[in-house]
Amino acid sequence: MQVYDGDTLKVKPRNILRYPDKKRGVRIRLAEIDTPERGQPYANRAKRFTTRLTLGKKVTVEEKEWDRYGRMVAHIVLPDGKNLSQELLKSGHAWWNTKYSRDKALQAMEKKAKNRRIGLWKDPTPVAPWIWKRYHRR
C-alpha cells in the first residue's frame with residue numbers, strides 16, 4: 001500500500017477483476033470525503049493519519065465507481081471493521097463532500113468534529129479543498 005495524501009492511496013489488489021495491472025496496483029480515492037490538498041494546512045496530518053491506519057495492513061475495498069482520472073472511488077474498511085472515511089471525518093482530518101454524498105451520518109460526524117474543534121477545525125477559517133484548488137492550480 002502507498003498513501004499519496006489523506007484521501008488517495010494505491011492498493012495492490014488481489015480480486016479486482018476490472019483492473020488489468022494487478023502487480024502495479026490500483027489508485028483509490030476515498031468516497032464521500034475530501035482531505036486537504038498538498039500544500040494546504042493540515043494536509044500532512046491527514047496523510048499521516050491515513051498512513052498510520054492503513055500501511056502494512058490488509059484492508060477491504062468497497063468499490064463505488066471509477067472517476068475521470070482512472071481512479072477507483074471506494075470505501076476502505078480497516079482490519080478492525082472501521083470505515084477509513086468515517087475515521088478521517090471523526091478525527092477532524094476531512095470534510096464531508098456534499099457534492100458526492102447525501103449520507104447524513106457523515107454530516108453528523110463532520111459537525112461533531114467541528115463542534116469539538118479538533119483537527120483542521122482548530123483553524124478559525126479552514127478552507128475546503130475544492131475551494132483551495134481554485135486558487136492554487138499547479
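**View 1. The hairpin of β5 and β6 in this predicted model.** Let's start at the turn: strands β5 and β6 form a hairpin with five residues between them. Glycine 70 sits in this turn and has a positive phi of about 80°. The two strands, β5 being residues 60-66, pair in the antiparallel sense over six bridges. To find your place in the ladder, look for glutamate 63, whose bridge partner in β6 is alanine 74.

**View 2. The other partner of alanine 74, on strand β3.** Here leucine 30 stands opposite alanine 74 of β6. Strand β3 covers residues 26-30 and pairs with β6 in the parallel sense, over three bridges.

**View 3. The side chains of β6.** In a regular strand, side chains alternate between the two faces of the sheet. Met72, Ala74 and Ile76 point one way from β6, while Val73, His75 and Val77 point the other way. Are these residues buried or exposed? All are buried. Because six of the six residues of β6 (residues 72-77) are buried, the strand is largely enclosed by the rest of the structure.

**View 4. Stepping back to the whole protein.** Four helices and seven strands make up the secondary structure, and along the sequence they follow the pattern β-β-β-β-α-β-β-α-β-α-α. The radius of gyration is 15 Å, which agrees with the value near 14 Å for a compact globule of 138 residues. Of those 138 residues, 47% count as buried. For your electrostatics, note 34 positive and 15 negative side chains, with the centres of the two sets 4 Å apart. The protein exposes about 8,600 Å², of which carbon and sulfur atoms supply 48%.

Notes
Residues are numbered from 1 along each chain as its sequence is written. This is a predicted model: local features need pLDDT of at least 70, side-chain atom pairs count only at pLDDT 80 or more; totals for chains, interfaces and linings use all residues. Side-chain values use heavy atoms; hydrogens and water are left out. Buried means under 20% relative accessible area, exposed over 50%, partly exposed in between (1.4 Å probe, protein chains only). Two strands pair if DSSP finds at least two bridges between them. The radius of gyration is taken over C-alpha atoms; the globule rule is 2.2 Å times the number of residues to the power 0.38. Accessible areas come from the Shrake-Rupley method with a 1.4 Å probe; for residues, only the protein chains shown count as cover. Lys and Arg count as positive and Asp and Glu as negative; His and the chain ends are not counted. The place of a charge is taken as NZ of Lys, CZ of Arg, CG of Asp or CD of Glu.
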